[in-house]
Amino acid sequence: MSAATTTASTPDASTPAPASTETNQGTLAADRLVLEYLRARGHKSAEQALTDTIGSSDDKGKSPVTISGEELVKKLTVLAEKPAQPGENILKTTLGVQKELASAVNSSNLQNLIASIGPVGAEEILSLDPNDKHEGFRELVSWVEGSLDMYRPEFRPIIFPIFCHFYLDLVQFGFKDAAQEFFETFSPPLEPLHSTGIHRLSTLRLPSHIQSDETAQRFRNEKYTIQMSRSGFALLLGWLTEGVGGEAPGAGDGFLGERGRRGRAAVMRVVNNHLRFDVATTSTSKSVTSWEESTGLLSSLIPQSNGTSTPFTNPQAFNDAAGELKLGPAPISEELRAETEKSLREQAMMDRDPLPNMITISSVPAHGWDHLLPHPPTYKTADIRREVEKVRDARKRIRLDPSILSSADGNTSQGAAARPRSLPSVCAYTLHDVHEGSPCCTFSQDTSLMAAGFEESYIRLWNLKGDPLNGLQSDFQLNNIRDCTIAARLLRLSSEKGGPPTRKLIGHSGPVYSLAFDPVSGSATPPKYLLSGSADATARLWSMDTMTNIVAYRGHQNPIWDADWSPMGIYFTTASRDRTARLWSTDRTSTLRIYAGHSSDVDCVRFHPNSLYIATGSSDWTARLWDVQRGTSVRVFIGHQGIVSTLAFSPDGRYLATAGEDLAINLWDLGSGRRVKKMMGHTASVYSLAFSAESSVLVSGGADWTVRCWDVKSAGGPPETSRTNGVGSSTGSHHSKDPGLDLIETTDLLATFPTKRTPIISVHFTPRNLCLVAGPYLSTMAR
């Protein structure tokens, strides 16, 4: 960098002579300092205003004198030295710069101008050149891509945070044009993996935008964690300090020279101030997915235990410290188990079962009862029917074994015969003429009812068996009847007759984003209640007997994105934009527990099959597992590169599947907190997930208009010969986020069922392994 300074000129005859030559030189030195600073910062309008103010004192007849950057720093240091502080450069701080310039300039306009200037110091002047960041980032990318194949996966995570900080620096210091050029030059290669972050940065054009943006402030205030092997870290240090290492073909003279040194210095400033390296003791090669779990702004995403003195720096350390989980099935009371076995034997004798005495229900140890939420001490008839129907469903269930299909050739007769034993039957329900949109849809466990929520603030019910949905007559008064037996009889007689098989429920004042039928009856009888969550920040409980809203639960301050019932009923949980999940009971209108810890919206929530835990997915790209009773986080799952919009527990309670806007489905082992595998194949956001009854098959639906089946037990991973989705393929990849982007399908993808133009917003498995899916048809004429 070079700096131009102008020499003093002879003042005009009409201008009063200065008191002394030294005073004149001091004033001109201050003018040159201010001009040089404004030129370096790119404040062209301010520089021109100052030049006009100086007027005739400008040197118009002499050419500028060019000095080196080192000489400029020396001159600034000499100017800042004072007898009271010999050898110390007080211009290193913003306050020192403002004091020195204000004391040297008497004009009030210039003093106001100086006061509005941002942070600057003598050592920062040379670092403000935008060309250094452009050259440094170009050389960084060249070095990373030219490194050995074994080190390239651990070097590539460095590129994105340095790109972000370089861009934010250019915007912060007022280099608007240079920032735009930097963004347009280097952002395209980062778009596939960091589309959300790149889009967020593209909206930041002014320093005020950076101050008010949460993501930008996180980059500024938090350390970006990068996991690296010891040998890889040594190679990085060697390049930063000496410019040694690999380079891409055609890189020219390498990374040596003045431009290379200054570019590496710009990279080193970001590395020292904003990155934190988790250096491993080994140099073993790791997969791409392993780096996703340990890279990013992790400090605010990992919960901190109260009993630990040092904060956790990676999610696995927190998961290991949280201890073991109780993932087994929830126990049932001995009285309920005995009564269920008795009912099964009686039914077997009526059906002339040759071995009625062999019917038993496995007993589950009751060591977890003290951690369960409180429930009524006695069972009801509905509980017996539910348990009996579970046994019947298990007998008649279609067993899905994906391993049969993976070992057979799908193009042969043997492969065709293996498909029915490996893949579920899929029944799709399409909503037509839904121009306003349908954010959610759900099915009852007995498959008799389907409910959908709409943007126009209402809920619509359908009876899938075609029976009429009847409520109470409008003139019926239940309050005047005191005898419960008579009231129940009159309730049945007062129901409407011959109604339609569909019903509209009105009560919310905003779009309905979540629906869930109560699970108390199981698959034995139709549900009694429907739960809904809406943008009006309320959750409402609807009676399926009266077809009316009976309770409104208020507590959230923002829209409710999701709601889910406890498998045992009575309790339910909600997820909201206010960054919390909440636990509720049907008999109370106030919140029982608040689960706070996510740094952004909580988009989805699910109960564990044993009701001891709940899982949440968030817009902060993480999922968490919470202890229901204590309200604390016991697992954190980091690895997604986008919003986590849906999740599902396996029925055996061992696994958690999460998916969202990064097109990936992650399968997590709850016991260890580690990711089992990453399943790829969707070409747009994933909206819904569901496990088969044996936890062997996972079905997903998404915005790419497809239903996809996955093998849970297989190892997965990319195929040896990558299958790519092109335009017009049968898998529906023509609806991908980037039609020109080749997307790899992992080997655990069993089958893809495309629809015409229906995004799948709900996927549901019945207890007998029939898969039900639903979504609104997108008309080509829709806006």
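This is a short talk on the fold, the cysteines, one helix pair and three buried residues of a single chain.

Okay, hi everyone. Before anything else, keep in mind that what you see on the screen is a predicted model.

Let me start with the whole chain. We have 21 helices and 31 strands here. Out of 783 residues, 48% are buried. The exposed surface comes to about 38,000 Å², and 52% of that is supplied by carbon and sulfur atoms. And on contacts: if you take those with a separation of 6 or more, 59% are between residues 24 or more positions apart.

Next, cysteines. How many disulfides does the structure hold? Zero. Take C441, which is in no disulfide: its nearest cysteine sulfur belongs to C440, and that is 7.5 Å away. A disulfide needs the two sulfur atoms within 2.5 Å, so that pair doesn't count. C441 is also buried, because its relative accessibility is 10% and the cut-off is under 20%. C771 is in no disulfide either; for that one the nearest cysteine sulfur is on C709, 6.5 Å away. C771 sits at 0% relative accessibility, so it counts as buried.

Now a pair of helices. Please find α6, residues 130-145, and α13, residues 230-242. For any two packed helices, the description is the angle between the axes plus the distance between them. At what angle do α6 and α13 pack? About 145 degrees, and their axes are 12 Å apart. The crossing of α6 past α13 is right-handed. On the α6 side, the residues that meet the partner are G136, E139, L140 and W143; α13 brings L235, L236 and W239. By type, that contact has five nonpolar residues, one polar and one charged. The polar one is G136, because glycine is put with the polar residues in this scheme, and the charged one is E139.

Right, on to three single residues, starting with S534. You'll find S534 in strand β11, which covers residues 529-534. Is S534 buried or exposed? Buried, because its relative accessible area is 0%. Skipping neighbours within four places in sequence, S534 is in contact with H508, G510, P511, V512 and Y513, and also with P559 and I560.

Second, S685. Where is S685? In the loop between β25 (675-680) and β26 (686-691). With a relative accessible area of 17%, S685 is buried, since the cut-off is under 20%. Look across to G702: that residue is 17 residues away along the chain, and the two C-alpha atoms are separated by 5.6 Å. G702 also turns up among the residues S685 touches, along with G660, E661, L663 and A703, again not counting residues up to four places away in sequence.

Last one, L327. L327 is in a loop too, between α16 (315-321) and α17 (334-350). The relative accessible area of L327 is 17%, so L327 is buried. Which residue is 326 residues from L327 in sequence, yet 5.6 Å away C-alpha to C-alpha? That's G653. Leaving out residues up to four places away in sequence, L327 touches H608, N610, Y613, D652, G653, L670 and G671.

That's what I have, so let's go to discussion.

Definitions and conventions:
Residues numbered from 1 in each chain as written. Predicted model: local features only at pLDDT ≥ 70, side-chain atom pairs only at ≥ 80, totals over all residues. Heavy atoms only, no water. Helix = DSSP H or I, 4+ residues; strand = E, 2+ residues; numbered from the N terminus. Buried < 20%, exposed > 50% of the residue type's maximum accessible area, 1.4 Å probe, protein only. Contact = heavy atoms within 4.5 Å. Areas by Shrake-Rupley, 256 points an atom, 1.4 Å probe, with all protein chains shown as cover. Axes fitted to C-alpha atoms, helices over the stretch in contact; angles between N-to-C directions. Left-handed = near helix turned anticlockwise from the far one by under 90°.
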